[in-house]
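Hi everyone, thanks for coming. Today I'd like to walk you through one pocket and a few of the residues around it. Let me bring the structure up.

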Amino acid sequence: MAKKNSVELIRKGVLGIGILITVALITVYFVATRSPVADGALVEGTHYTRIDSPRKPRGTKPEVMEFFSYGCVHCFNFDPDLKDWVAGQKDSITFIQTPVVGGDYWRLLGQTYYTLLEMNL
């Protein structure tokens, strides 16, 4: 009798997992196909805001600005890829880095960045 109950419990568990996976797949399908951005149709005012008077770039090349912190693990992980990309752009862009100051610790890290920049390090 105990063996029959454990087999039934396993059967119900497998069935439950199967139903859960099916529901998850259906949800992913509907979310992906109903997304207004799925077909690339971005709508002004909904997905982005047009800037009427954008800031003028310094010079003739497009500017790429990175806002970062030495205290951010995501910035740290992204840095090698970003450096490779910037190196691949050669002289076609102006790359500007700006440290984000979110608190006293990050302020110290930002000051360190500007100190190293002034020392050409």
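Let's start with the walls. In this predicted model, the largest pocket is lined by Glu66, Phe68, Ser69, Tyr70, Cys72, Cys75, Phe76, Asp79, Lys83, Gln97 and Tyr113. Two elements each give two or more residues to that lining: β1, which runs 63-68, and α2, which runs 73-88. The biggest contributor is α2, with 4 residues. As for volume, the largest pocket comes out at about 180 Å³. If you sort its lining by character, you get 6 nonpolar, 2 polar and 3 charged residues.

Now, please look at Ser69, in the loop between β1 and α2. Is Ser69 buried or exposed? Its relative accessibility is 5%, so Ser69 counts as buried. The side chain of Ser69 reaches the backbone nitrogen of Gly71, at 3.0 Å. Leaving aside residues up to four places away in sequence, Ser69 touches Cys75, Val100, Trp106 and Leu109.

That brings us to the cysteines. How many disulfides are there? The count is 0, with the cut-off for a sulfur pair set at 2.5 Å. For Cys72, the nearest cysteine sulfur belongs to Cys75 and lies 3.3 Å away, and Cys72 is in no disulfide. Cys75 is in no disulfide either, its nearest cysteine sulfur being that of Cys72. Cys72 has a relative accessible area of 17%, so Cys72 is buried. For Cys75 the value is 18%, so Cys75 is buried too.

That's my tour, and I'm happy to take your questions!

Notes: Residues numbered from 1 in each chain as written. Predicted model: local features only at pLDDT ≥ 70, side-chain atom pairs only at ≥ 80, totals over all residues. Heavy atoms only, no water. 1 Å grid on protein atoms, 1.4 Å probe; cavity = no way out; pocket = protein on both sides within 12 Å on 5 of 7 lines; lining within 4 Å. Points joined across faces, edges and corners; volume = space filled by probe spheres on them. Nonpolar A, V, L, I, M, F, W, Y, C, P; charged D, E, K, R; others polar. Buried < 20%, exposed > 50% of the residue type's maximum accessible area, 1.4 Å probe, protein only. Polar contact = N/O pair within 3.5 Å; in protein donor to acceptor, adjacent residues only side chain to side chain. Contact = heavy atoms within 4.5 Å.
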